Amino acid sequence: MKSGINHLLAIIFCLFCCSINSWSQNDNKGTYLGLFVGKMNYQGDLNPNSFTFSHSKATLGINVRQSLNRWISLKGGFAIGHIDAADRYNRDYLKPRNLSFNTTIKEASLSMETSLLDLSTTHFTPYLFGSVSLYHFNPWAYDYSGKKVFLQPLGTEGQGLPQFPKQKPYKLTQIALGFGAGARYAIGDNMNIGVEFTQRKTFTDYLDDVSSIYVDRNVLLQAKGAKAVEMAYRGDELPGGQAYPNHGEQRGTPSEMDWYYFFGINFEIKFSAFARLFKNMNAENSSALHNTRCPKNVQQ
């Protein structure tokens, strides 16, 4: 394990040295492999605020960026991260609801990026981008006994029940539109490092499984069982908590769709740098093998 890490560090060091020696060749063209490391958050019924670091969770992504010219790039990527929220951190009037959720978000995205400066001459540029993403989520929460329970199959707002035709089931794989900004610094011809912030507009209000109204407790109990009733309203678990709300009382805000956000550092290496590095390594190995000779006149 240690030797593998040392080998990786040696490769990165070689790429860095190659980059430093090639400023004059930097035209920002080519294909780059990127690693994104940062934080992820969401905005919705259980967290009405925009991006905050206090409840952000780690996220990791990989991406491939094709620079079409000095100004325009196309980038495709895959990211995975976690979001969660709970009413105990929410606004005071929402805390008695006592709901919570967790979900992992996995997304594939395609974006178009516009640089504001010429990286080949400034070695630094801010950039703007827009994107479309296909993402998957599956909200869950811990029940009263501490067991993990997935919420979508429970239909906590009566989704899919004939008694509530307006309550439609939500899909766990959906499309989001994104836009954001970043700044990139060219270490050399082969390596870039920068920061990036992006926000994704979803077309669902159910990232947190909370959207509209409470439905009749008895109907929900008969159709979906006691667990659905338990997870639909958690206020009765608090000291002095009230009983299950009446049918039609507000549970969420359906007019406002959920968002999720990324903020972090993006590190890029040019594909061609790998090719040159491994070509040189193979050439050195071939040269060393060629210069190796069997000893002559060995006495038996």
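This is a friendly chat about the cores, pockets and a few residues of a predicted model.

Me: What should I know before I start looking?
Reply: The model is predicted, so local features need pLDDT of at least 70 and side-chain atom pairs count only at pLDDT 80 or more, while totals for chains, interfaces and linings use all residues. Residues are numbered from 1 along each chain as its sequence is written, and side-chain values use heavy atoms, with hydrogens and water left out.

Me: Cool. Which residues touch the most other members of the largest nonpolar core?
Reply: Y42 and Y260 do, in a core of 20 residues. A nonpolar core is a set of buried Ala, Val, Leu, Ile, Met, Phe, Trp, Tyr and Cys residues joined through side-chain atoms within 4.5 Å. Buried means under 20% relative accessible area, exposed over 50% and partly exposed in between, with a 1.4 Å probe and protein chains only.

Me: And which elements give two or more residues to this core?
Reply: Those are β1 (30–43), β3 (72–86), β4 (100–115) and β10 (259–270). Strands are DSSP runs of E, at least two residues, and helices are runs of H or I, at least four, numbered from the N terminus.

Me: What does Y42 touch?
Reply: Leaving out residues up to four places away in sequence, its contacts include I83, F101, L207 and W259. Contact means heavy atoms within 4.5 Å.

Me: Switching topic: where is R234?
Reply: R234 is in the loop between α4 (226–232) and β10.

Me: Is R234 buried or exposed?
Reply: R234 counts as buried because its relative accessibility is 5%.

Me: What does the side chain of R234 make a polar contact with?
Reply: The partner is the side chain of E237, at 2.6 Å. A polar contact is a pair of N or O atoms within 3.5 Å; within protein, one must be able to donate a hydrogen and the other to accept it, and residues adjacent in sequence count only if both atoms are side-chain atoms.

Me: What about helix α3?
Reply: At the start of α3 (residues 217–224), a side-chain oxygen of D216 comes within 3.0 Å of the backbone nitrogen of N218. After α3 comes G225, with a positive phi near 100°.

Me: Last one: which residues are closest to the centre of the largest pocket?
Reply: Y93, L94, R97, R251 and G252 are, out of 29 lining residues. R97 is also among the residues that R234 touches.

Terms used:
1 Å grid on protein atoms, 1.4 Å probe; cavity = no way out; pocket = protein on both sides within 12 Å on 5 of 7 lines; lining within 4 Å.
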